[in-house]
Amino acid sequence: RRCGRASLAQLAVRFSRVRSGLAETSHEVIALALDSDGNELFASGDIDRPFFYRSAIKPFQSLATLRAGAELSDEQLAVSTASHGGFPVHLAIVQSILADAGLTTASLQTPLDVPLNPRARSIQEQLGRSMPQRVFHNCSGKHAGWLAACIASGWDLETYLADDHPLQRSISEIVAESTRADPTPTGIDGCGAPAPRGSVKSLATGFRTLTTDPAFDRIVVAMERFGALVADNLRPDGRFGVNWGGPSKVGAEGVFASSRHGVAIVTKSLDGSPDVAVAAHLEVARRIGALPRGTQEWLTREAHPPVLGGGLPVGSLELVEA
């Protein structure tokens, strides 16, 4: 079912966190859904407003890794697109990517960090692992893939994060071609890598390309098969991903993008809340008829994250209709 901008503006532009019956906060969302031909199914807010894609662009960065000659298994490829939680399985796969390239974690240029997921952090503490470490950073899979690409192509390892490095130039070209928008000037991402810029419209165009261009087939299969490697399935974005049936990717500051059979959805929470972006994503998917009823029911908590009082639910995130 198609929804025009006017109807969407009254359906998914704003959310509130309701505590004990009182709306405490307001959260505006930019949202866009495209069909496989690029037609708008759903649009809300300023879809041309610029922002940095952050980690939502990782599937396209991983294509540069493959094009440079890195030979990754599907599990390794999934982790190269990941914002992983830092569980032992994530770290083992990151280390395997490096080992296959003849490298160690000493080559990583990710910032020193602790596991993103608190439960994973606790596991690492119980194992006696020292913290922080570069491999614990949620982008270490992407960096490991990049280092493997540099080994495969004979590129310099020390400067792999520089804007003018062959790998980063390849990424910029892939992002521009896929999103149909100039991703420069880049910023600096949290992991130290160049951060391409764009908009909800360009990111949705990119994610539509992700599941329509055969060049991305391996990446799509890996992300779909191993959603719990792309994002641990304790997080809202991860729980969405393992149920969606296609690639999905969260980005810092409230960006969430997904695609399935050419239908792409992108949501951007203007206050940077990732749970709001996921809740909006579910609402958009429901409105365009892309969310099976069983999945919708299973993800009720993600659609309406609880507000806690004394450790117990006393409200939730709710859609505000004009």
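The turns below ask how certain terms apply to this predicted model.

User: What should be kept in mind about this model and its numbering?
Analyst: This is a predicted model in which local features need pLDDT of at least 70 and side-chain atom pairs count only at pLDDT 80 or more, while totals for chains, interfaces and linings use all residues. Residues are numbered from 1 along each chain as its sequence is written, and side-chain values use heavy atoms, with hydrogens and water left out.

User: What makes the chain as compact as a globular protein of its length?
Analyst: The secondary structure of the chain comes to 14 helices and 12 strands, where helices (H or I, at least four residues) and strands (E, at least two) are DSSP runs numbered from the N terminus. The radius of gyration of the chain, taken over C-alpha atoms, is 19 Å, and the globule rule (2.2 Å times the number of residues to the power 0.38) gives 20 Å for 322 residues; the two values are close, so the chain is as compact as a globular protein of that length. Along its principal axes, the C-alpha trace spans about 55 × 45 × 35 Å.

User: Why is helix α2 called largely enclosed?
Analyst: A residue is buried when its relative accessible area is under 20%, exposed when it is over 50%, and partly exposed in between (1.4 Å probe, protein chains only). In α2, which covers residues 58-67, 9 of the 10 residues are buried, so the helix is largely enclosed by the rest of the structure. Among these buried residues are Phe60, Leu63 and Leu66.

User: Why is serine 20 called exposed, and what is said of arginine 54?
Analyst: Serine 20 has a relative accessible area of 62%, and because this is over 50% it is exposed. Arginine 54, at 21%, falls between the two cut-offs and is therefore partly exposed. Serine 20 is in the loop between β1 (14-19) and β2 (22-34), with a positive phi near 50°, whereas arginine 54 lies in the loop between β4 (51-52) and α2 and has a positive phi of about 55° although it is not a glycine.

User: How do you know that glycine 315 is partly exposed, and what is it in contact with?
Analyst: Its relative accessible area is 25%, which lies between the cut-offs for buried and exposed, so glycine 315 is partly exposed. Glycine 315 lies in strand β12 (residues 312-320) and, leaving aside its neighbours within four places in sequence, is in contact (heavy atoms within 4.5 Å) with Val18, Pro306 and Val307.

User: What makes a space a cavity, and how many of 30 Å³ or more are there?
Analyst: On a 1 Å grid over the protein atoms alone, a cavity is a set of points where a 1.4 Å probe fits but cannot get out, and lining residues have an atom within 4 Å of a point. Grid points are joined across faces, edges and corners, and a volume is the space filled by probe spheres set on the points. By this rule there is 1 cavity of 30 Å³ or more, and about 80 Å³ of space lies in the largest cavity. Of its 13 lining residues, the closest to the centre are Gly227, Val230, Ala231, Gly241 and Ser248.

User: Where in the chain are cis peptide bonds found?
Analyst: One cis peptide bond joins methionine 131 and proline 132, with omega about -5°, and another joins threonine 184 and proline 185, with omega about 0°.

Technical notes: On a 1 Å grid over the protein atoms alone, a cavity is a set of points where a 1.4 Å probe fits but cannot get out, and a pocket is an open set with protein on both sides within 12 Å along at least five of seven lines; lining residues have an atom within 4 Å of a point.
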